[in-house]
Amino acid sequence: MSFSSSLPAPHLVFLLSKFNRQHKPSAFSVVRASADVPDFLSADWLESRRKRPFGPRLNFTAEEAVQHQLDALKCNDQPRPDYGVEVMYRFAGFDPFERSPYFGPFFDLGQFERFRRIFHHSTYRMLLGHKDRRILSSLLVNENRFKQRVWIQGNRPEEEEIFQFTMVQRIGGSWDGYWLTESLLHDGDAFAGGLAY
């Protein structure tokens, strides 16, 4: 039988509190401090948790939200692989528990990996690391819906396509006032050959 299990709980608490008053550093305070950062995470884990991940902001306009998403896709692999796709996923305004028409056809995009694979499909991959872009048209459909058509020049020779962002401003709930991406559509038939996602 161990020492701690042979003592009733009130005596143990009294004994430990008396021990802590007599000695400066306590083994229990060291354990409590090291419990904040688990030993299987990197040394900068706590600091990285404090940083706010980039995504929708209440002060972004619809145009700025599209710009930030395209900027992230242009530098997709910085600071880590597929970071630009992560940013797009944070801006995505679909319910992860239902099939979504985000890319046109209804897909199950609840898992990030499925969302990521579509961006690596031949039609959408040109957005990743694209060279240039130009806004072709912008339309405020109503006070909480915005559409923007963007011409994209990919980083491969003669690779250029037109994509349409549809942004919606949420009303009510935890995303009230935020502009989120309802859909990102390719002008052509993006999935003519099929897609295994």
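A crossing of two helices is called left-handed if the near helix is turned anticlockwise from the far one by less than a right angle, and right-handed if clockwise. The legends below describe close-up views of a predicted model.

**View 1. Helices H5 and H6 pack with a left-handed crossing.** The axes of H5 and H6 are 7 Å apart and make an angle of about 155 degrees. Angles over 145 degrees count as roughly antiparallel, and H5 is therefore roughly antiparallel to H6. On the H5 side the contact is made by Ala65, Gln69, Ala72 and Leu73, and on the H6 side by Gly84, Val85, Val87, Met88 and Phe91. Sorted by class, the residues of this contact are seven nonpolar and two polar, with no charged residue.

**View 2. Glutamine 69 sits in helix H5.** The relative accessibility of glutamine 69 is 0%, so this residue counts as buried. Leaving aside residues up to four places away in sequence, glutamine 69 touches Met88, Phe91, Tyr102, Phe165, Met167 and Thr181. Gln69 is also one of the H5 residues that make the contact with H6, where Met88 and Phe91 are among the partners on the other helix.

**View 3. The loop between H5 and H6 holds proline 79 and aspartate 82.** The peptide bond that runs from glutamine 78 to proline 79 is cis, and its omega is near 10 degrees. Aspartate 82 is not a glycine, yet has a positive phi of about 60 degrees. With a relative accessible area of 9%, aspartate 82 is buried.

**View 4. Helix H6 (residues 83-91) crosses helix H7 (residues 112-119).** The two axes come within 10 Å and cross at roughly 120 degrees, so H6 is oblique to H7. This crossing is right-handed, whereas that of H5 and H6 is left-handed. H6 contributes Val85, Glu86, Met88 and Tyr89 to the contact, and H7 contributes Phe112, Phe115, Arg116 and Phe119. Six of the contact residues are nonpolar and two are charged, with no polar residue among them. Val85 and Met88 of H6 take part here and also in the contact with H5.

**View 5. Phenylalanine 60 and phenylalanine 91 form a stacked ring pair.** Rings pair if their centres lie within 6.5 Å, and by this rule the count comes to 17 aromatic pairs. In the pair shown, the ring centres are 6.5 Å apart and the planes are at 10 degrees, so the pair is stacked. Phenylalanine 60 belongs to the loop between helix H4 (45-50) and helix H5 (62-74), and phenylalanine 91 belongs to helix H6, so the pair ties together parts that are 31 residues apart in sequence. Both rings belong to buried residues: the relative accessible area is 13% for phenylalanine 60, and the relative accessibility is 0% for phenylalanine 91.

**View 6. Phenylalanine 103 and phenylalanine 115 form a tilted ring pair.** Their ring centres are 5.5 Å apart and their planes are at 45 degrees, so the pair is tilted. Phenylalanine 103 is in the loop between H6 and H7 and phenylalanine 115 is in helix H7, so the pair links parts that are 12 residues apart in sequence. Phenylalanine 103 is buried, with a relative accessible area of 3%, and phenylalanine 115 is buried at 0% relative accessibility. One aromatic cluster contains Phe103 and Phe115 together with Tyr89, Phe94, Tyr102, Phe112, Phe119, Tyr124 and Phe163. Of these cluster members, Tyr89, Phe112, Phe115 and Phe119 also belong to the contact of H6 with H7.

**View 7. Glutamate 158 lies in the loop between strand E2 (145-153) and strand E3 (160-169).** Glutamate 158 has a positive phi of about 50 degrees, although it is not a glycine. At 84% relative accessibility, glutamate 158 counts as exposed. Aspartate 82, which likewise has a positive phi, is buried.

**View 8. Glutamate 182 lies in strand E4 (residues 179-186).** Glutamate 182 has a relative accessible area of 31% and is partly exposed. From C-alpha to C-alpha, glutamate 182 and threonine 166 are 5.4 Å apart in space, and they are 16 residues apart in sequence. Not counting residues up to four places away in sequence, glutamate 182 touches Tyr102, Arg145, Thr166, Met167 and Val168. Tyr102 and Met167 are also among the residues that glutamine 69 touches.

Notes
Residues numbered from 1 in each chain as written. Predicted model: local features only at pLDDT ≥ 70, side-chain atom pairs only at ≥ 80, totals over all residues. Heavy atoms only, no water. Axes fitted to C-alpha atoms, helices over the stretch in contact; angles between N-to-C directions. Helix = DSSP H or I, 4+ residues; strand = E, 2+ residues; numbered from the N terminus. Parallel < 35°, antiparallel > 145°, perpendicular 65-115°, else oblique. Contact = heavy atoms within 4.5 Å. Nonpolar A, V, L, I, M, F, W, Y, C, P; charged D, E, K, R; others polar. Phe/Tyr/Trp six-rings, centres within 6.5 Å; stacked < 30°, edge-to-face > 60°. Buried < 20%, exposed > 50% of the residue type's maximum accessible area, 1.4 Å probe, protein only.
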